[in-house]
Structure formats: structure tokens, C-alpha cells
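I'm opening my notebook on a new structure and jotting down what I look up as I go. Helix packing comes first, then a few side-chain pairs and some odd spots.

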Amino acid sequence: MSKYSDILFICNGKAGQGTLEVLLKDAVPPLLDICTNLIIHKTKEKGDAERVCRETGSQYELVVIMGGDGTVHESINGLSALESRPLVGILPGGTCNDFARSLHIPMNIGQAVRLITEQPLEQEIDIVQAGERYFSNFWGTGLVAQTSDNIDVGSKSVLGKLSYYISAFQSIQDSPILNVKVTTEKETVEEEVVMLLVANGRSIGSNPLPICIDMSDGLMDIYIVKKSGFPLLKEFLVIKSTGNISEEYDDIIHIQAKEAHIELGQNEKLDMDGELYEGSRQSLKVLEKHLRFVVGSSD
């Protein structure tokens with residue numbers, strides 16, 4: 001007996017033809033076994049996944065997204081705007097698959113499909129609204145946006161996630177200083193920083209973020225980083241392993257908030273789930289438990 005009447009299956013049409021065929025072969029047959037109708041949409045251009053999710057997402061009980069962080073980001077922007085929102089499953093098909101990692105989804109397509117088809121575990125996850133956009137994993141400016149901007153498309157396709165680390169180390173050598181003002185419901189912080197990171201998920205560039213981040217607590221985790229270089233990396237590793245910022249590290253300020261207004265000294269590159277934007281002001285608001293996702297076990 002079918003678990004679902006209708007499933008929308010979105011896949012990244014820009015994936016290599018041979019690669020896409022292999023992924024579809026692993027993903028489609030098991031999904032057909034659990035539904036009456038499976039509608040496959042292969043994206044053709046930027047914004048296609050968002051448009052399809054926004055226009056038709058509420059018609060489905062389950063939307064399955066097969067692709068990388070860019071395809072997931074687009075789809076979530078389409079789905080988050082809906083009044084009636086379906087269950088969402090993710091099949092990782094990109095370079096880093098950071099949001100999928102945050103949800104403890106296996107990187108193997110076959111294993112990820114089984115999460116959906118075999119007694120799926122569901123969890124309501126916070127989504128953060130950023131102006132008219134939405135993000136599931138992170139928003140950042142400074143070093144994090146500079147790293148994304150520096151990534152060479154050719155090296156990304158050849159080196160995969162290694163390109164993110166190479167770009168990060170290159171960016172650290174010449175990190176610009178940003179003037180930022182962060183206003184939340186509890187406090188206001190004004191600093192000269194090298195990076196401002198607002199996290200909802202737990203992974204960037206396949207690198208784990210602090211374990212204290214809770215994706216269903218109604219709060220965003222804001223990290224204001226006041227200096228760069230190798231001491232910053234050392235401090236980050238300590239934070240990542242413990243989940244908390246030690247009092248001796250005053251170069252990273254950690255704030256939790258439901259809403260935040262960010263003002264920058266000038267227009268800067270803004271990185272939202274790996275997609276680059278530009279601006280000098282941003283209002284952020286947590287939409288608590290806004291979307292339901294199929295998740296893996298954290299054990």
C-alpha cells in the first residue's frame with residue numbers, strides 16, 4: 001500500500017548526465033514503491049526549483065530534493081513561502097551537502113532514500129527569514145562570504161570540498177575588516193570584525209559547527225568574530241569540540257536570538273547557504289519549526 005498519494009521529486013538538471021542517470025537509477029524505483037504518483041522535475045536554470053516549489057509544492061504530501069546546497073536553498077525558499085507546506089526529504093547530490101549533514105542524512109544516495117521509504121523519522125526544523133529570502137543552514141558576511149566568492153568553479157568540480165578549504169586558507173591571509181552593528185531583542189553589539197556568521201544548521205563546507213546549535217529551538221546562533229589568522233582556527237576547533245565558547249576566548253562573541261537586525265558599514269557580499277547576495281542591512285527572523293524534514297539518527 002502506498003504511503004503517499006503524490007510525491008514531487010526535484011533533481012538538479014545541471015549535474016553531469018552520467019552522474020544524474022546513476023543517481024536517478026538509485027533514487028526513483030524505491031520512491032515509486034511508496035507513492036501513487038511520482039512527478040519528476042529536472043531543473044533547467046537558476047531559480048527553477050524555487051519556482052516549482054512555490055507554485056506547486058502545496059499540492060504534494062512529500063517533496064524530495066536531490067541535489068547540492070544550491071538546489072536545497074532554492075527549494076526551501078519556494079516551500080517556506082507556502083501556507084500549506086509538505087514533508088521534505090533531501091538526497092545529497094552536491095559537493096558539501098551541508099544542510100543534509102546537519103539533518104544527519106547519509107551521503108550515500110541509496111542509504112538516504114531508505115530514510116524516506118522505510119519508516120521515516122520526521123523533525124520540525126527552524127527556518128530563518130532574511131528579508132524576502134529564507135535560509136536553512138547559515139547566513140554570513142566577511143570571511144565566510146569571501147571564501148565562497150573566491151572558489152574557482154573549475155577547481156570546485158575537480159577538487160570537490162577540498163576547494164572550500166583551499167579558498168578559506170587563502171581568504172584568511174587577507175581578511176578585510178567590517179564594521180557591523182547587530183541588534184537583537186536582548187542586546188546591541190557594535191564591532192570591527194572579520195566574520196559575522198548566523199547559524200541555524202551545523203555544517204559549513206562539510207566542516208561541523210559547534211554542537212550547541214539546536215535546529216528546533218526557535219533561536220539563531222550568531223557568531224561575531226573579531227580577529228583572523230591561525231589563532232582564530234585554533235579557537236574555532238576548541239569551540240567545535242566543546243560546543244561552547246570559553247571565557248578566555250573574547251575574540252568570538254556568541255549570541256542567541258529570535259530576531260536580529262544587522263547593519264554593515266557599506267555594501268558587502270552576503271553568503272546565504274552558499275548562495276551569494278549583496279547588501280548593507282539585513283533583518284533576520286526565526287520561523288520556529290517551520291518545515292518538516294525526514295532526518296537521520298544522530299546516534
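**Entry 1: two helices that cross.** Before looking, I wrote down the term I needed: a crossing is left-handed if the near helix is turned anticlockwise from the far one by less than a right angle, and right-handed if clockwise. I also noted that this is a predicted model.

Which way does helix 2 pass helix 3? I looked it up, and helix 2 passes helix 3 in a right-handed crossing. Next I wanted the two numbers people quote, since two packed helices are described by the angle between their axes and the distance between the axes. Here the axes of helix 2 and helix 3 come within 7 Å, and they cross at roughly 25°. Angles under 35 degrees count as roughly parallel, so helix 2 and helix 3 are roughly parallel to each other.

Then I listed who does the touching. On the helix 2 side I found D48, A49, E50, C53 and R54. On the helix 3 side I found T71, E74, S75, N77, G78 and L79.

**Entry 2: the buried part of helix 2.** I stayed with helix 2 and checked what is tucked away. The buried residues there are D48, A49, E50, V52 and C53. What covers them? The cover for the buried residues of helix 2 includes helix 3 (69–80), along with strand 1 (4–11), strand 2 (35–42), strand 3 (62–67) and strand 6 (133–135).

**Entry 3: salt bridges.** How many salt bridges does a search of the whole structure find? The answer is 8. I wrote up some of them.

I began with R54 and E50, where the closest N and O atoms are 2.9 Å apart. Why are R54 and E50 separated by about one helical turn? Because they sit 4 residues apart in helix 2 (residues 48–56). That fits what I have in my notes: an α-helix has 3.6 residues a turn, so residues three or four places apart point the same way. Are both partners hidden? Not quite: R54 has 38% relative accessibility and counts as partly exposed, whereas E50 is buried at 12%.

Next I looked at R292 with E122, a salt bridge with its closest N and O atoms 2.8 Å apart. This pair links distant parts of the chain, with R292 in strand 16 (residues 275–295) and E122 in strand 5 (residues 121–130), 170 residues apart. R292 is partly exposed at 30% relative accessibility, and E122 is partly exposed at 39%.

Then came K226 and E191, whose closest N and O atoms are 4.0 Å apart. K226 is in the loop between strand 13 (220–225) and helix 9 (230–242), while E191 is in strand 9 (residues 188–193), so the salt bridge ties together parts that are 35 residues apart in sequence. K226 counts as partly exposed, with 26% relative accessibility. E191 is partly exposed too, at 26%.

I also found a small network: D48, R51 and E55 are joined by salt bridges that share partners.

**Entry 4: the aromatic pair.** I searched for aromatic pairs and got 1. It is F99 with F293, edge-to-face, with 5.2 Å centre to centre and 75° between the planes. The pair links distant parts of the chain: F99 is in helix 4, F293 is in strand 16, and they are 194 residues apart. Buried or exposed? F99 is buried at 2% relative accessibility, and F293 is buried at 0%.

**Entry 5: a histidine in strand 16.** While in strand 16, I checked H290, which lies there. H290 is buried, with a relative accessible area of 15%. Leaving aside neighbours within four places in sequence, H290 is in contact with S80, R85, I125, D126 and I127.

**Entry 6: odd backbone angles.** Most residues other than glycine have a negative phi. I looked for ones that break the habit.

H104 has a positive phi of about 60°, though it is not a glycine. I found H104 in the loop between helix 4 (98–102) and helix 5 (109–117), and H104 is partly exposed at 34% relative accessibility. D273 is not a glycine either, and has a positive phi of about 55°. D273 sits in the loop between strand 15 (259–272) and strand 16. At 6% relative accessibility, D273 counts as buried.

Definitions and conventions
Residues are numbered from 1 along each chain as its sequence is written. This is a predicted model: local features need pLDDT of at least 70, side-chain atom pairs count only at pLDDT 80 or more; totals for chains, interfaces and linings use all residues. Side-chain values use heavy atoms; hydrogens and water are left out. A salt bridge is a side-chain nitrogen of Lys or Arg within 4 Å of a carboxyl oxygen of Asp or Glu. Helices (H or I, at least four residues) and strands (E, at least two) are DSSP runs, numbered from the N terminus. Buried means under 20% relative accessible area, exposed over 50%, partly exposed in between (1.4 Å probe, protein chains only). Contact means heavy atoms within 4.5 Å. Rings of Phe, Tyr and Trp (its six-membered ring) pair if their centres lie within 6.5 Å; planes under 30 degrees apart count as stacked, over 60 as edge-to-face and the rest as tilted. Axes are lines fitted to C-alpha atoms, for helices over the stretch in contact, and angles run from 0 to 180 degrees between N-to-C directions. Angles under 35 degrees count as roughly parallel, over 145 as roughly antiparallel, 65 to 115 as roughly perpendicular and the rest as oblique.
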